[in-house]
Amino acid sequence: MTEKYRHLYVIIEHEDGKFLPVSFEMIGEARRLLDDFNLKYSSNEKVVAVILGHNIKDISKKLIEYGSDVVIFADNPELKDIRNTIYTKVICQIAQDTKSLGEIEPEYAGEVKKPRYMFFAADSIGRHLSSTVLVELESGLASDINQLVIEDIEMSHQQKTGGTKETYKKTLKMYRPDFSGFLWTTILCLDNKNPAFQRDYHPQSCSIIPGVFESLKPDSSREGKIIEFIPTIDEEDLKVKVLSRQIIKSVVDFDTPRTIVSFGRGIKENPEQNIRLVENLAKELNAEIGVTLPISKKPYSVSQALDSKYMIPDRVIGTSGHKTSAMLYVAAGVSGAMQHVWGMKDSGFVVAINPDEDAPIKNECDIFIKGRMEDVIPLLIEEIKKQIQIVEA
Amino acid sequence: MGTLNITVIIKLEPDFSEGNVSYNPDGTLNRAETKNTLGPHSGIAAHAAFFGRVMYDAKVFIVTMGPPIADLALQQAQQISDAEELHLYSDRLFAGADTLGTAEVLRVGIEKMPHKMDIVFSGHRASDGETGQTGPQTAWKLGFTFLGNVISYSVDLETRTIRAKRLISLQGSPNVVEEVEAPLPVFISIDPTYKSNYDAVSQRLAFEKYQKEAIQRAQNFKDYLKVFNAKELGVDETLVGLPGSPTIVYKVERVPKSTATRRAEVIDGTDPEQIRKVVTKMKEALSAMVIK
């Protein structure tokens with residue numbers, strides 16, 4: 001029996017034809033997952049890259065080089081700007097287009113109704129687009145994923161199965177780190193097999209944190225199918241007019257400085273004074289200041305000046321913020337939750353200041369200064385003043 | 001000139017502020033010991049609604065889905081936004097809903113409001129769930145134009161259009177502020193960096209007037225509160241709560257301790273001599289990289 005759902009669709013992001021790295025990262029992960037899948041299930045399901053925009057036909061081939069089997073592109077002047085309504089509509093048209101599904105695998109033409117899985121980027125565009133697309137497709141979505149596994153899952157669930165044991169074949173296990181960074185939650189999107197409210201929930205979908213997965217090396221000899229999809233554009237879906245776009249300089253810069261000093265909840269004993277200490281240390285090292293995710297939730301009351309300058313999402317280093325590869329990274333009062341580590345692990349030389357030798361950050365640093373930041377930072381500053389002369393670039 | 005009706009969707013969330021939050025020894029949140037409060041992003045959405053109150057004399061309504069104690073968050077949001085009605089959607093049937101099941105309750109509730117809404121605001125994301133999906137999903141169900149990451153807005157009451165600035169940050173690209181225009185109604189998810197600006201004297205006077213009113217109203221918030229259960233809302237019970245949720249939380253586990261990627265040299269932080277050596281190594285690290 002043919003299944004109604006096949007293939008993994010990846011929603012590609014690009015800016016005026018320039019691909020965002022996350023697009024290739026998603027294809028890379030999709031490729032790895034489906035290669036295993038096809039081997040395990042003796043199947044031949046495809047990685048399908050979906051790209052919308054204007055004048056994009058020529059760039060579609062690149063998505064094959066990076067690991068897609070198929071590219072479906074929709075090229076229309078109305079798709080030049082990324083607008084949620086029309087993008088949602090066109091992506092849903094593509095996901096339910098039995099004609100292109102038939103072109104992907106002519107042997108199953110007419111039988112396959114929708115993709116089995118769908119990937120989006122967890123960024124300013126994909127986060128919202130995935131939400132609206134999955135409402136329209138009436139299926140489930142997990143956000144900010146950093147690990148994926150496909151498995152058969154046998155389970156009994158009060159609501160999903162009505163309490164009896166059922167097997168969910170080819171289930172996408174979607175792992176997301178929680179806000180603390182210490183817990184990992186596995187989300188599943190499962191059909192309701194409970195006779196009381198039976199319903200199919202496909203595609204199983206998620207948004208993927210940029211920078212988490214590796215993209216493949218492009219291979220120009222890879223072959224694939226490129227399919228043009230002609231979208232139906234309804235005037236009603238074009239209500240939003242883009243008036244202007246302006247590039248702005250972020251107040252926080254994690255790309256240029258050679259050194260980053262970051263702080264976490266270790267400031268707690270005297271937040272105001274400790275942030276000042278971190279400020280002084282950063283000044284001596286000509287460093288930008290980063291924070292952990294919990295700090296951006298403003299856990300401590302400090303003066304307005306420090307609060308609005310430092311306890312902000314823009315400064316977060318980690319999966320829900322920035323990734324850095326600073327030459328020198330100083331982590332003061334940072335415990336080393338997975339999601340923070342992801343953001344700093346590519347740094348050159350890492351110094352951690354922490355009173356707790358069991359803190360996970362110890363595994364991620366070159367020097368672990370055991371001690372309270374209140375005691376250590378003044379000593380560091382004194383010594384830096386003697387030894388290091390930073391010449392401002 | 002017409003009137004402007006605004007709804008704000010808010011959420012009761014764990015209070016992450018010092019003294020209210022409690023962590024387990026392993027670093028995870030101790031939910032039982034942690035107090036609850038109006039979510040910080042919900043608060044920003046309420047501020048954005050209050051901007052509409054001050055600038056356009058808008059009527060503000062606040063809605064939430066949650067347990068009975070979520071009325072606390074409604075009160076806090078009323079004090080920010082000077083809302084004239086607070087709606088709490090509360091029923092055991094709603095429990096355990098994922099974002100799709102939640103969005104359905106909110107859709108039904110907002111469509112049942114006494115007025116047709118022109119703008120619906122939601123926060124950027126909840127600080128506990130952190131999906132950021134409920135807002136856009138509710139927007140789509142309502143059939144409202146969705147505008148995400150909005151950092152400022154203005155309304156033209158005559159043409160019934162809104163202009164909004166959106167902050168777009170994408171991997172490896174500089175941030176972009178995009179200005180858009182759309183006819184009402186719209187659904188806006190507010191960016192964490194949203195700020196209301198009241199420049200004119202008349203605006204500041206209106207601000208003070210409505211702020212006083214907001215404080216008074218919030219003191220008697222129960223007079224403005226309406227609680228609806230599933231039946232009173234008239235929701236389709238198969239589309240809300242667990243039955244209406246495609247996703248389940250299958251497993252929660254501790255993130256496995258990563259194998260050490262670096263071998264740390266442990267230094268006694270009170271010993272100035274050792275600190276001197278640390279700084280020498282930091283200096284070497286910086287200069288070595290420069291040569292490279």
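In this predicted model, the interface between the two chains brings 92 residues of chain A into contact with 80 residues of chain B. Strand S13 of chain A, spanning residues 241-248, supplies the largest share of the chain A side, namely eight residues. Sorted by class, the residues of chain A that touch chain B comprise 46 nonpolar, 24 polar and 22 charged ones. S13(A) runs antiparallel to strand S9 of chain B (residues 175-183), and seven bridges join the two strands; within this pairing, Val242(A) has Val180(B) as its bridge partner in S9(B).

Chain A is itself divided by the domain assignment into two parts, as tabulated here.

| Domain of chain A | Residues | Contributed to the contact between the domains |
|---|---|---|
| domain 1 | 8-238 | nine residues |
| domain 2 | 259-387 | eight residues |

The C-alpha centres of domain 1 and domain 2 of chain A are 37 Å apart. On the domain 1 side of their contact there are four nonpolar, four polar and one charged residues.

In chain B, helix H5 covers residues 201-219, and its end C-alpha atoms lie 27 Å apart, which agrees with the 27 Å expected for 19 residues at 1.5 Å a residue. Its buried residues are Ala214(B), Arg217(B) and Ala218(B), and because they fall within an arc of 85° when H5(B) is seen down its axis, they line one face of the helix. Helix H2 of chain B (71-81) is included in what covers these buried residues of H5(B). The face of H5(B) turned away from its buried side carries exposed residues, among them Val201(B), Arg204(B), Leu205(B), Glu208(B) and Lys212(B).

Terms used:
Residues numbered from 1 in each chain as written. Chains lettered and ligands numbered in written order. Predicted model: local features only at pLDDT ≥ 70, side-chain atom pairs only at ≥ 80, totals over all residues. Contact = placed C-beta atoms within 7 Å. Helix = DSSP H or I, 4+ residues; strand = E, 2+ residues; numbered from the N terminus. Nonpolar A, V, L, I, M, F, W, Y, C, P; charged D, E, K, R; others polar. Pairing = 2+ DSSP bridges. Domains from an automatic or database assignment. Expected span 1.5 Å × (residues − 1). Buried ≥ 20, exposed ≤ 12 C-beta atoms within 10 Å, placed from the backbone. Arc of directions from axis to C-beta.
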